[in-house]
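Me: I've got a protein model open and I'm not sure how to read it. Could you walk me through a few features?

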Amino acid sequence: MSELDEKWMWRAIGLAREAEKVGEVPVGAVIIDADGKILAAASNRTIKNIDPTAHAEILALRIAATRLGNYRLEGTTVYTTIEPCAMCAGALVNARVARVVYGAPDERFGAVETLFRVCDNRQLNHRMQITGGVLADNCRKIMQDFFKARR
């Protein structure tokens, strides 16, 4: 885990907190280009947008693709507070993301390493570098506190 990874994960954690404040599942995502500049930042908006695909990672991918004028986000790194689900992991592969960095693993839906290995699956046309566990305790606590408060 590098200082840079921690820096961007803290930014993603801030976005997760924003989602939490409006009643969304607290997940945040940030996309950085090859030069280390931020391309996109988003948090979950499934409830607000009335859209089951409005996960933080998907929204950030849409913003980054629009900014670049290309759906291929080669050379980018995606930072997300929770291990991406199958939908988001598949989108990362389709976008040709170079690297995914996530905070806490997702025992129920994780499709990067926990349940499935979508992002580095040899059967797919693209694989990316994976770094998991960056500020995992912080990311896990946000989710646990959110769901504990809702029960």
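Reply: Sure, we'll go through some strands, two cysteines, a pocket and a few backbone angles. Keep in mind that this is a predicted model.

Me: Let's start in the sheet. Which way do strand 3 and strand 4 run relative to each other, parallel or antiparallel?

Reply: To read a pair of strands, look at the bridges between them and at their directions. Here strand 3 (residues 77–82) and strand 4 run parallel, joined by 5 bridges. If you want one pair to look for, find Thr77, whose bridge partner in strand 4 is Arg99.

Me: What do strand 3, helix 3 and strand 4 make together?

Reply: Follow the chain from one strand, over the helix, into the next strand. In this model, strand 3, helix 3 (residues 86–94) and strand 4 form a β-α-β unit, and it is right-handed.

Me: And what joins strand 4 to strand 5?

Reply: There are 3 bridges between strand 4 and strand 5 (residues 129–131), and these two run parallel. Val100 is a handy place to look, with Ile130 as its bridge partner in strand 5.

Me: How many residues of strand 4 are buried?

Reply: For burial, we ask how much of a residue's surface is accessible; under 20% relative accessible area counts as buried. In strand 4 (residues 99–104), 6 of the 6 residues are buried, so the strand is largely enclosed by the rest of the structure.

Me: Now the cysteines. How many disulfides are there?

Reply: Check the distance between the sulfur atoms: a disulfide needs them within 2.5 Å. By that rule the count is 0. Cys85 is in no disulfide, and the nearest cysteine sulfur, in Cys88, is 3.7 Å away.

Me: Why doesn't Cys88 bond with Cys85?

Reply: Because the sulfur of Cys88 is 3.7 Å from the one in Cys85, which is too far for a bond.

Me: Are those two cysteines buried or exposed?

Reply: Compare each value with the cut-off. Cys85 has 16% relative accessibility, so it counts as buried. Cys88 is buried too, with a relative accessible area of 0%.

Me: What about pockets? What is the volume of the largest pocket, and which residues lie nearest its centre?

Reply: With a pocket, ask about its volume and then about its lining. The largest pocket has a volume of about 610 Å³. Its lining has 22 residues, with Ile82, Asp106, Phe109, Met143 and Phe147 nearest the centre. By type, the lining splits into 11 nonpolar, 4 polar and 7 charged residues. Helix 4 supplies the largest share of the lining, 4 residues.

Me: Where is Phe147, and is it buried or partly exposed?

Reply: Phe147 sits in helix 4 (residues 136–150). Its relative accessible area is 32%, so Phe147 is partly exposed.

Me: One last thing: what is the phi of Arg96, and where is that residue found?

Reply: The general idea is that most residues other than glycine have a negative phi. Arg96 is not a glycine, yet it has a positive phi of about 60°. You'll find Arg96 in the loop between helix 3 and strand 4, and its relative accessible area of 15% makes it buried.

Me: And what is the phi of Leu135?

Reply: Leu135 isn't a glycine either, but its phi is positive, about 55°. Leu135 lies in the loop between strand 5 and helix 4. With a relative accessible area of 12%, Leu135 is buried.

Technical notes
Residues are numbered from 1 along each chain as its sequence is written. This is a predicted model: local features need pLDDT of at least 70, side-chain atom pairs count only at pLDDT 80 or more; totals for chains, interfaces and linings use all residues. Side-chain values use heavy atoms; hydrogens and water are left out. Buried means under 20% relative accessible area, exposed over 50%, partly exposed in between (1.4 Å probe, protein chains only). Two strands pair if DSSP finds at least two bridges between them. A crossover is right-handed if, with the strands pointing away from the viewer, the path from the first strand over the helix to the second runs clockwise. On a 1 Å grid over the protein atoms alone, a cavity is a set of points where a 1.4 Å probe fits but cannot get out, and a pocket is an open set with protein on both sides within 12 Å along at least five of seven lines; lining residues have an atom within 4 Å of a point. Grid points are joined across faces, edges and corners, and a volume is the space filled by probe spheres set on the points. Ala, Val, Leu, Ile, Met, Phe, Trp, Tyr, Cys and Pro count as nonpolar, Asp, Glu, Lys and Arg as charged, and the others, Gly among them, as polar.
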